Amino acid sequence: MAETKEIAVNSSGRKALAPRSSRRSRRSGPRRSQTVGALWAAPALIMVAIFFVLPVIYMVYMSFQNWPLLGEHTFVGLRNYTDALQDPRFLEPVKFTLVYTLLIVPALLVAGLGMASLVKAKRRGSGLFRTLFFLPVVVGFAAAGYLWLWFVNPRVGPLPQILRDLGFGTLQDPWLGTTSGALLVVCLMVLWKFSGFTMLLFMTGMQTIPDDIVEAARVDGAGRWRMLRSITLPLLRRTIALVVILTTAGSLLAFDQFFVMTRGGPNNHTITVVYAIYRQSFSSFRLGYGAALSVMLALVLLVISAIQLRLLRSDDDD
Amino acid sequence: MTTSATEPLAGATTASSSPASPRNRLLPASAWWIICTCLAILFVSPLLISLLSSLKTPAAAQAENPTLLPDQFSTENYQALQGVGVGIGSYITNSVLVALGTVIGTVILATTAGYGFEKYGFFGRRTAFMVIIAMLMIPFQAVVTPLYIVLNKLGLHNSLTGLTLVYITYQLPFALFVMRNAFAAVPLALEEAALMDGASSVRMFRQVMLPLVRPGVITVALFAFFAAWNEFFAALILLNDQSKYTLPVALTLLQGSLLGQISWGTLQAGVMVSMIPCVIIYAVLQRYYVAGMLSGGIK
């Protein structure tokens, strides 16, 4: 399973960083003082306690309460949860978020894989292309959203203008005016902004494919398609899993792009789960209900992350 | 910090260094150049066209059937940003303060904690680390409602300090991960030699460790900067006063105040102001950025 070491090795390119060696250095190293270590870690741990542990505990507590912004909160048991499971203002966003995830995850996967195969080899120009493909990743989601809002505007946007110039004059309706149009535009924006990231993950995965296997297959007369199907994809399965999990977790948390580009419209059809939580907590001020939705979201993310950790850990084992 | 993973992205250094071996040539060279160039245009052109549009006169930027190049270059759109909310200057200042605060705070906390975690055993160390792993699983978006209440009770809501503290905290898991790796790579012999000389824990940290973990510190600082500079959701919720907005949230004013009649030129100018620092920093320090991204394997 040597091909699966990408995470451990790439963390610095040096084996010395693998967890095993760090454990050894702690045990056989110079005498260590318990108190001194705790003191070094204390400032960070205090921050984590105040701004993470406390809110998580509070979240669970709030989720069992009717909690308006002002005034007293009252215990309501599981009602927030049972309400949520019948509330279209939550269930519709859940459905929409899943549709969005099902669209964007394969798109990012294929784009990243394709771009990585193009620029993985050292050849004149490949370094420059990598840098250019990756450039949108460093742009913030809000800025990218506003850029695309303008980019696809039927009146002033360059993209509809280019299509008009090419003779597709009928595409003049506002693309963000329909649910599917809005979803498509947001997906395009995210694809533009994020495929450089999946490209990078795939590039590192591909670097771990042993040259001799590729060479042997070529000698055996494997064609390009056969090569992809029988060598590249099987050896990249862990990278693929990593990309799928990371992009899935990311798209389940989508908010910025929809808030900026569609404002949830048209007719509230592009509300994501995080957007729904935002509305319940900070527009309707049903904070207890918002907390209950948050607990459910957190549980889903925990499951996904547990899968992720398991995959990463089996990477380290070999 | 030149690693197999980061080097390829530092375009200029490797682009011409070694010729491609034949087996890497799945495509004829000309086809490869054409495909890559088209893709590069797809990725870069929105940024470039937006930059050009921000330099048009406001009227030209507002015109239907837009042209690619400005007829005449103008900084009027950028000047118009002064009239947005309390003025773009304040928003830049807010963003710079929050980003710098986040960078400094994250670097200090992650290096000290990374040192403590990696080089010392202490009571509760495992539990503490589990909690920090859990932070990777439950990101900010999932705990925003209770966090809002907690900040309220601490008197830190609607404050740039509060926002900065939140950014630092949620940057810590990744930063700590990077710094632990960096400290783990410090050779044991160096530590032992320093101990023989009777170095204290603090002297060891400052004189032996810090110089050696510099690349990790740069990675952590870069990520903290990008995270704080670009972050939208937390800033949107935790800041109420217009005068306290950071740049990404201030962009909503450009859309909101002029609803139906968005000033597109001004909007593009605003997008550029928030974007250009990231592009420049990325161009200069990209190998650290990519190294960090890969070592995290996340985000």
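Which residues have the most contacts inside the largest nonpolar core? In this predicted model, they are A44(A), Y146(A), A110(B), L172(B), A175(B), L176(B) and V220(B).

## The nonpolar core

The largest nonpolar core has 179 residues. Helix α8 of chain B, spanning residues 160-184, gives the largest share of this core, with 17 residues. Both domain 1 (24-80) and domain 2 (82-296) of chain B take part, and each supplies at least three residues to the core.

A good place to start looking is A110(B). Setting aside residues up to four places away in sequence, A110(B) touches L172(B), A175(B), L176(B), M179(B) and V220(B), and also A44(A) from chain A.

## Chain B as a whole

Let's step back to the chain itself. Chain B is built with 14 helices and zero strands, so following the elements from the N terminus on, you meet α-α-α-α-α-α-α-α-α-α-α-α-α-α.

Of the 299 residues in chain B, 49% are buried. Among contacts in chain B with a separation of 6 or more, 77% join residues 24 or more positions apart.

## A closer look at A60(B)

Now for a single residue. A60(B) sits in helix α3 of chain B, which covers residues 58-62. Is A60(B) buried or exposed? A60(B) is partly exposed, because 18 other C-beta atoms lie within 10 Å, and a buried residue needs 20 or more.

Beyond its neighbours within four places in sequence, A60(B) is in contact with P70(B) and D71(B). L165(B) is 105 residues from A60(B) in sequence, and the two are 43 Å apart in space, C-alpha to C-alpha.

Notes
Residues numbered from 1 in each chain as written. Chains lettered and ligands numbered in written order. Predicted model: local features only at pLDDT ≥ 70, side-chain atom pairs only at ≥ 80, totals over all residues. Helix = DSSP H or I, 4+ residues; strand = E, 2+ residues; numbered from the N terminus. Buried ≥ 20, exposed ≤ 12 C-beta atoms within 10 Å, placed from the backbone. Contact = placed C-beta atoms within 7 Å. Core = buried A, V, L, I, M, F, W, Y, C linked by C-beta atoms within 7 Å. Domains from an automatic or database assignment.
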